[in-house]
Amino acid sequence: MDIEKASTTEEWKPQKTEWIIMISLSIISLMVALDATILVTVLPVSLLVTDEVSPSC
Amino acid sequence: MKFLHLADRVLQQITQSLNGNAIDAFWTGTSYLLSNAVFQPVIASISEFFGRQQLLILSLIFFTAGTIVCAVANNFTVMLVGRSIQGIGGGGILTLSQVIFCDIVPLRYRPKYFAIVQGSWAIGSIVGPVIGGAFVANTTWRWCFYINFPFCALGFVLAIFFVRLNAVAKLTLAQKLRQTDWIGALLFLGGTTVFLIGLSWGGVQYAWNSVQTLGPLILGLAGVAVFVGWQLWIRPQSLLPMSLFYCPSAIISFYCALVNGLLVSNPPSPNLPWLTFLQIFSALYYLLFGYDLDGYRESVHY
């Protein structure tokens with residue numbers, strides 16, 4: 001991207017716009033992470049506890 | 001250990017209130033992961049021509065729509081449809097966050113600044129199960145989805161007004177449509193989806209050596225093989241450039257991402273051999289993260 005080409009010199013510091021984009025993205029990511037783990041991470045435990053599945057392997 | 005137990009009650013409650021069994025509960029998680037994984041490269045690729053911001057907003061639309069469907073679901077069919085739609089949106093947001101970071105932050109500074117997003121993931125991942133458990137203990141599982149709505153609203157405001165990037169390709173709509181590798185996208189989505197469905201079925205719904213498991217596995221692998229062939233010989237403007245695998249360092253980093261996915265998502269347990277399929281699943285899921293290295297490669301070439 002253009003921005004990337006221009007900024008490969010010296011010390012790079014994010015400007016206000018870049019900070020805003022980065023913070024916006026982290027807030028949106030927080031929502032997705034929250035949603036993913038509210039249900040997903042507990043799956044193996046859930047299957048283990050409910051014991052309705054008898055794995056064939 | 002305690003929060004795992006609490007959060008576990010979320011799925012138990014959903015399972016009971018929607019008249020489902022453990023298989024349905026399993027697919028509530030898996031359908032999300034599956035669409036999440038397979039759509040990531042496709043969305044990243046389309047954003048090249050149609051704009052990062054535009055695709056980020058579209059991903060938010062998918063995520064919000066999926067959340068609404070899940071929140072009002074009265075049976076598991078609706079729930080699984082909702083989770084799949086949510087997965088597309090979630091995958092888009094995940095991959096576009098990384099791609100946008102690559103656009104605005106030079107290579108050398110990415111580890112430093114991407115920590116902000118990683119921090120969000122860490123907080124969300126730790127807090128999520130606790131909140132889920134608290135909701136189930138006190139109200140209903142539907143709150144696990146309601147909680148997304150304020151975030152969705154905020155997300156739209158942020159994405160529309162603040163994530164402004166002027167890097168949209170200056171092409172007409174027809175040119176954009178022609179540039180995008182639709183056949184590659186179809187082959188990739190079809191192949192990986194069928195393969196992952198087989199992988200998910202194996203050892204859970206059907207035996208590993210059954211037709212129901214082997215059929216999708218073989219068909220899916222064949223689909224992916226055709227996709228690779230398509231990328232290599234027919235289409236230079238490809239969805240997943242094979243030139244990504246251009247040097248040992250690149251291949252090793254993809255391999256590390258794969259192992260990372262394998263270990264992070266599921267700690268190995270000798271007592272639960274069937275968990276292995278989940279481990280492989282997560283490995284495939286993380287393999288796609290390697291796609292984001294595309295951005296790194298580009299900057300190296302500059």
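Student: Which residues have the most contacts inside the largest nonpolar core?

Tutor: Those are B:I93, B:L96 and B:I100, in a core of 75 residues. Keep in mind that this is a predicted model, where local features need pLDDT of at least 70 and side-chain atom pairs count only at pLDDT 80 or more, while totals for chains, interfaces and linings use all residues. Residues are numbered from 1 along each chain as its sequence is written, and chains are lettered from A and ligands numbered from 1 in the order in which they are written.

Student: What makes it a nonpolar core?

Tutor: The term stands for a set of buried Ala, Val, Leu, Ile, Met, Phe, Trp, Tyr and Cys residues joined through C-beta atoms within 7 Å. In this model, the largest such set has 75 residues. Helix α2 of chain A supplies at least two of its residues, as does each of α2 (22-50), α3, α4 (76-104), α5, α6 (143-146), α7 (148-161) and α9 (182-201) of chain B. The most comes from α2(B), with 15 residues.

Student: How do you know that B:L56 counts as buried?

Tutor: Buried takes 20 or more other C-beta atoms within 10 Å of the residue's own (exposed is 12 or fewer, partly exposed is in between, and C-beta atoms are placed from the backbone). B:L56 has 29 such neighbours, so it counts as buried. This residue sits in helix α3 (residues 52-72) of chain B.

Student: Which residues does B:L56 touch, not counting residues up to four places away in sequence?

Tutor: B:L56 touches B:I93, B:L96, B:A159 and B:V163. A contact needs the two C-beta atoms, placed from the backbone, to lie within 7 Å. Two of these partners, B:I93 and B:L96, are also among the residues with the most contacts inside the core. From the other side, B:L96 touches B:L56 along with B:I43, B:A44, B:S47, B:R52, B:L55 and B:S59. B:L56 and B:F156 are 100 residues apart in sequence, with their C-alpha atoms 9.2 Å apart.

Student: What makes α2(B) oblique to α3(B)?

Tutor: They pack at an angle of about 135 degrees, with their axes 7 Å apart. Under 35 degrees would count as roughly parallel, over 145 as roughly antiparallel and 65 to 115 as roughly perpendicular, with the rest oblique. The value of about 135 degrees falls in the rest, so the pair is oblique. The axes are lines fitted to C-alpha atoms, for helices over the stretch in contact, and angles run from 0 to 180 degrees between N-to-C directions.

Student: Which residues meet where α2(B) and α3(B) pack?

Tutor: B:I43, B:I46, B:S47 and B:F50 of α2(B) meet B:R52, B:Q54, B:L55 and B:S59 of α3(B).

Student: Why is B:G124 called buried?

Tutor: B:G124 has 22 other C-beta atoms within 10 Å, so it is buried. Its place is in helix α5 (residues 110-138) of chain B. Beyond its neighbours within four places in sequence, B:G124 is in contact with A:L30, A:A33, A:L34 and A:T37.

Student: What makes α2(A) largely enclosed by the rest of the structure?

Tutor: Of its 24 residues, 17 are buried, so the description fits. This helix spans residues 16-39 and reaches 36 Å from its first C-alpha to its last, close to the 34 Å expected at 1.5 Å a residue. The expected span is 1.5 Å times one less than the number of residues.

Student: How do you know that B:I85 counts as buried?

Tutor: With 23 C-beta neighbours inside 10 Å, B:I85 counts as buried. B:I85 lies in helix α4 of chain B, and its contacts, leaving aside neighbours within four places in sequence, are B:F62, B:A65, B:G66 and B:V69.

Student: How many helices and strands does the secondary structure of chain B come to?

Tutor: Chain B comes to 13 helices and zero strands, and chain A to three helices and zero strands. These are DSSP runs numbered from the N terminus (H or I, at least four residues, for helices; E, at least two, for strands). Buried residues make up 45% of the 302 residues of chain B and 42% of the 57 residues in chain A.
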